[in-house]
Amino acid sequence: MVIMTNSTQFSHFRLAFLNIGIFKYLFFMLVICFYISVVCTNVLLIVVICVNRSLHEPMYMFLCSLFVNALYGSTGLFPSLLLHIICDINIISASLCYLQIYCIHCYGSAEYLNLAVMSYDRYLAICFPLQYNTYMTPKRIAILIAITWLYAILACALMISLSSTLPLCGNIINKVYCDNYSVIKLACSDTKALNIYGIIIVLCTVCCPLVFMLYTYIKILRVCSSGSKQVRQKAISTCSPHLACVLNFSCGACFEILQSRFNMSGVPILLRIFLSLYWLISQPLINPLVYGLNMTKIRILCKNLLTLRPLN
């Protein structure tokens, strides 16, 4: 990147302007209803898992971590987006912008790592059923969840500490939310070190978990192909929701990475906005719906809680 001298530290950023005119109230209602649905469904499942002792098992503990992450990520996006829509404001302070970058990237990192841990849990449960309780002890569950969150927190904190000190030659971000790569593209100084760090983070956060999940599913398929009908049914019932969430999140993240790196000016603005938001807005609602509807135990307990029946 060419080093320029006309640089400064901006106090604010300008985001893409949502020119929806008279439809802004309709969009606002749709978005706030969506956000309320995300909060209610995830909180419901967190409460069900925490309150019911029969769900204090490894798989449900990892699910609880996944639902907490959904609340965290959606809260990092929706309040700012709602304000953007209703007030026709496309300016965000630099401090809030970097805070949003931190929340969104931390959410994405924790999501992939949570999904990788869940695939490891399913791998042990299906391939080593007799040794499962020996391997997946409460201590190991706590360690896996702690590593997931600590990695995401520390990796994103280091990323923000590097990007927030960059001298910038502009303050226009062509998205409706702040993201790290958009800020880096505004930098006047050499960003080689940041780009290398970004590649390392992508490899550790996305590529390694995906390869690991692929490995676990290959092992699970081998066991299912030579196992009984009961083993195959167990694998399908517990792995199909996880696989659906992995594919959905990966597709959304792929859309975001592609449009961030390539020129998408030929694509309609509303479609670009939708593609940039998909990985953030779809997963927090799809996760609880997929697991809530497909896992019989959770579905029954949710009904009991909503009808004020005893959970235990």
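Here's a quick briefing on the empty space and the nonpolar cores inside this structure. Keep in mind that you're looking at a predicted model. Rolling a probe the size of a water molecule over the atoms shows where empty space is left. Here, that turns up 1 cavity of 30 Å³ or more.

**The cavity**
- The largest cavity holds about 40 Å³ of space.
- If you want to find it, look for the residues that line it: M59, L63, M118, D121, R122, T238, H242 and Y291.
- Sorted by type, the lining has 4 nonpolar, 2 polar and 2 charged residues.

**Who builds the lining**
- Three helices each chip in at least two lining residues: helix 2 (58-87), helix 3 (94-127) and helix 8 (229-261).
- Helix 3 is the top contributor to the lining, with 3 residues.

**The nonpolar cores**
- The largest nonpolar core has 63 residues, and the members touching the most others are Y60, L63, Y177, L277 and Y291.
- Helix 2 gives this core the most, with 13 residues.
- There's also a second, separate core of 27 residues, with L15, I92, W149 and I201 among them.

**Spotlight on a few residues**
- Y60 is one of the best-connected members of the largest core. Setting aside its neighbours within four places in sequence, Y60 is in contact with I49, L55, M295, K297 and I298.
- L63 and Y291 turn up twice: they help line the largest cavity, and they're also on the list of core members that touch the most others.

Methods: Residues are numbered from 1 along each chain as its sequence is written. This is a predicted model: local features need pLDDT of at least 70, side-chain atom pairs count only at pLDDT 80 or more; totals for chains, interfaces and linings use all residues. Side-chain values use heavy atoms; hydrogens and water are left out. On a 1 Å grid over the protein atoms alone, a cavity is a set of points where a 1.4 Å probe fits but cannot get out, and a pocket is an open set with protein on both sides within 12 Å along at least five of seven lines; lining residues have an atom within 4 Å of a point. Grid points are joined across faces, edges and corners, and a volume is the space filled by probe spheres set on the points. Helices (H or I, at least four residues) and strands (E, at least two) are DSSP runs, numbered from the N terminus. Ala, Val, Leu, Ile, Met, Phe, Trp, Tyr, Cys and Pro count as nonpolar, Asp, Glu, Lys and Arg as charged, and the others, Gly among them, as polar. A nonpolar core is a set of buried Ala, Val, Leu, Ile, Met, Phe, Trp, Tyr and Cys residues joined through side-chain atoms within 4.5 Å. Buried means under 20% relative accessible area, exposed over 50%, partly exposed in between (1.4 Å probe, protein chains only). Contact means heavy atoms within 4.5 Å.
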